[in-house]
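Grab the viewer and work through a few short exercises with me. Each one sets a task and then walks through a solution.

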Amino acid sequence: MVSTFGSLATASSGLAAARAGIDVAGQNIANAGTTGYTRQRVTQSAVPAAQTGFMRGTAALAGQGVSVDGIARLGSLTLDAGVRAAAGSSAYATARGTGLDQLEAGLHEPGSDGLATKLDGLWSAWSDLATHTDDPGAATALLGAARTVAATLASGSEAVDAQWSSVRSTVAGQVAQLNDAAEQVASLNGRIRSALAGGASANELMDQRDQLTEQIASLAGGTTRTNADGTVDVLIGGNPLVQGTDARSVALGGATKIGDAGAVTLSWTSGSGSAVALDGGSIAGNVSLLAPARADGTGGALAQASAAYDAVATSLATQVNALHRTGTTPGGATGTDFFGLTAGVPAAQGLTVLPTDGDGIATRNAAGQYDGSLADAIGELGKAVDAPDRTWATFVAGVGTASRSATSEATLTGLALTNARTQQQAGAGVDLDEENVALLTYQHAYQGAARVLTAVDEMLDTLINRVGLVGRS
């Protein structure tokens with residue numbers, strides 16, 4: 001009878017295990033389209049036969065059924081780490097590529113709206129004036145071309161300033177996202193630790209945490225370290241952003257506009273307030289665009305662009321004015337400037353055309369006679385080795401090269417991220433065909449266990465209620 005009751009417990013454990021398998025398969029199927037969900041499987045083990053004293057030495061006994069040990073997540077820490085690393089690299093390259101593409105598009109080069117075309121128009125207008133020095137129409141055309149160049153320089157410089165401010169605003173928002181994600185990871189760490197300590201499943205909480213750690217990696221190139229209690233630490237540049245249930249925060253500081261001295265900085269708000277070393281991510285990519293200009297041209301792309309606009313404006317004003325001062329205006333004035341630079345503002349935004357009409361242009365010689373040689377000499381400035389055109393062309397070529405390189409890197413790192421996610425999903429993603437097979441398997445197991453239970457129940461009924469009744473009247 002002891003053996004019979006043991007069979008009853010064995011069948012009951014089979015029912016429980018099959019039911020757990022059906023529940024988990026159903027959970028997987030329900031979350032087949034859930035972003036970040038990691039498929040699960042029931043882990044179970046066979047319960048060995050009991051060894052009791054009075055039965056020792058009898059025939060070998062079957063085990064006592066099956067034990068449901070837990071519900072495992074079928075993810076891979078190695079593949080998850082690969083996705084985070086690829087996400088950080090891709091986000092960094094994408095941020096730089098996007099910024100450089102926008103900068104290049106704003107130059108309008110080559111094209112009729114580009115500064116190079118406007119400069120060509122200015123030099124042509126000076127050459128036309130050289131052959132028609134007494135023609136008011138030629139003078140008016142020259143002033144129009146000069147004002148167009150000044151306006152193009154100003155609008156281009158202002159667009160770069162606006163892009164710089166926009167990128168910094170984006171970084172401020174990303175830093176806020178980073179701090180919020182760190183707080184959520186720390187909170188989930190506490191809930192996961194409590195669940196595991198109480199013997200409960202924390203798989204869905206771990207899925208949420210993995211999504212957040214990938215978000216952190218995309219923002220700041222973070223890495224993770226798994227602890228024995230089920231929590232994870234998140235590190236940025238080797239320093240902890242999240243440690244157990246504690247989260248640190250990052251602050252954005254430094255320059256607030258493109259002309260400020262110093263760089264845009266990130267620092268820890270706790271401890272010594274030291275600078276944050278970023279391993280990658282979109283924050284690092286955007287901060288690299290915001291770096292100050294350098295004399296060797298290796299500074300931040302946006303500050304270098306602003307400096308290039310100023311350099312062209314300064315060179316243009318200096319070279320044209322140097323020649324213009326040698327001539328005489330129709331009113332007899334000498335030593336006058338053609339271009340002016342407004343103090344206190346960037347050169348590209350402060351470039352003005354001083355003459356208001358033909359009387360302010362030096363088109364005569366010292367004897368007061370019309371002389372086209374000066375206008376012709378100014379018109380030839382565009383062909384000089386140190387012409388503003390050359391400065392601009394060199395800058396445009398550099399932006400184009402940097403933009404193509406950044407776009408290529410963004411494409412390659414994006415493909416690497418896609419490949420990493422594909423490998424991750426091969427193990428962690430839900431396969432509906434596989435889950436349907438598992439569901440059928442557990443269904444048959446449940447039916448089989450139920451049949452065993454019914455058979456044992458009938459045996460017990462016979463044993464308890466019918467033994468000893470044979471032959472009675």
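**Exercise 1: a leucine in a helix**

At 25% relative accessibility, Leu-453 counts as partly exposed, where buried means under 20% relative accessible area, exposed over 50% and partly exposed in between (1.4 Å probe, protein chains only). Before going on, note that this is a predicted model, so to speak of a local feature takes pLDDT of at least 70 and to count a side-chain atom pair takes pLDDT 80 or more, while totals for chains, interfaces and linings use all residues. Residues are numbered from 1 along each chain as its sequence is written, and side-chain values use heavy atoms, with hydrogens and water left out.

Task: place Leu-453 in its element and find how far it is from Leu-8 in space.

Step 1. Leu-453 belongs to helix 11, residues 432-465; helices (H or I, at least four residues) and strands (E, at least two) are DSSP runs, numbered from the N terminus.
Step 2. Go from C-alpha to C-alpha: Leu-453 and Leu-8 are 6.0 Å apart in space, with their positions 445 residues apart in sequence.

**Exercise 2: two packed helices**

Task: describe how helix 2 and helix 10 pack.

Step 1. Two packed helices are described by the angle between their axes and the distance between the axes.
Step 2. Helix 2 (residues 77-107) and helix 10 (residues 388-428) meet at an angle of about 155 degrees, and their axes are 7 Å apart. Axes here are lines fitted to C-alpha atoms, for helices over the stretch in contact, and angles run from 0 to 180 degrees between N-to-C directions.
Step 3. That angle makes helix 2 roughly antiparallel to helix 10 (under 35 degrees is roughly parallel, over 145 roughly antiparallel, 65 to 115 roughly perpendicular, the rest oblique).
Step 4. Now sort the contact residues: 18 are nonpolar, twelve polar and six charged. Ala, Val, Leu, Ile, Met, Phe, Trp, Tyr, Cys and Pro count as nonpolar, Asp, Glu, Lys and Arg as charged, and the others, Gly among them, as polar.

**Exercise 3: the loop after helix 2**

Task: look for backbone oddities in the loop between helix 2 and helix 3 (115-131).

Step 1. His-108 sits in this loop. Its phi is positive, about 60 degrees, although His-108 is not a glycine.
Step 2. With 44% relative accessibility, His-108 counts as partly exposed.
Step 3. Pro-110 is in the loop too, and the peptide bond that joins Glu-109 and Pro-110 is cis, with omega at about -10 degrees.

**Exercise 4: rings and charges**

Task: how do the rings of Phe-338 and Phe-339 pair, and which charges sit over rings?

Step 1. There are four aromatic pairs in the structure. Rings of Phe, Tyr and Trp (its six-membered ring) pair if their centres lie within 6.5 Å; planes under 30 degrees apart count as stacked, over 60 as edge-to-face and the rest as tilted.
Step 2. Phe-338 and Phe-339 have ring centres 5.0 Å apart and planes at 90 degrees, so this pair is edge-to-face.
Step 3. Phe-338 and Phe-339 are both buried, and ring pairs link them with Trp-126 into a cluster.
Step 4. The charged end of Arg-248 sits over the ring of Trp-268, 4.1 Å from its centre (NZ of Lys or CZ of Arg within 6 Å of the ring centre and within 35 degrees of the ring normal).
Step 5. Arg-364 lies over the face of Tyr-370, 4.2 Å from the ring centre.
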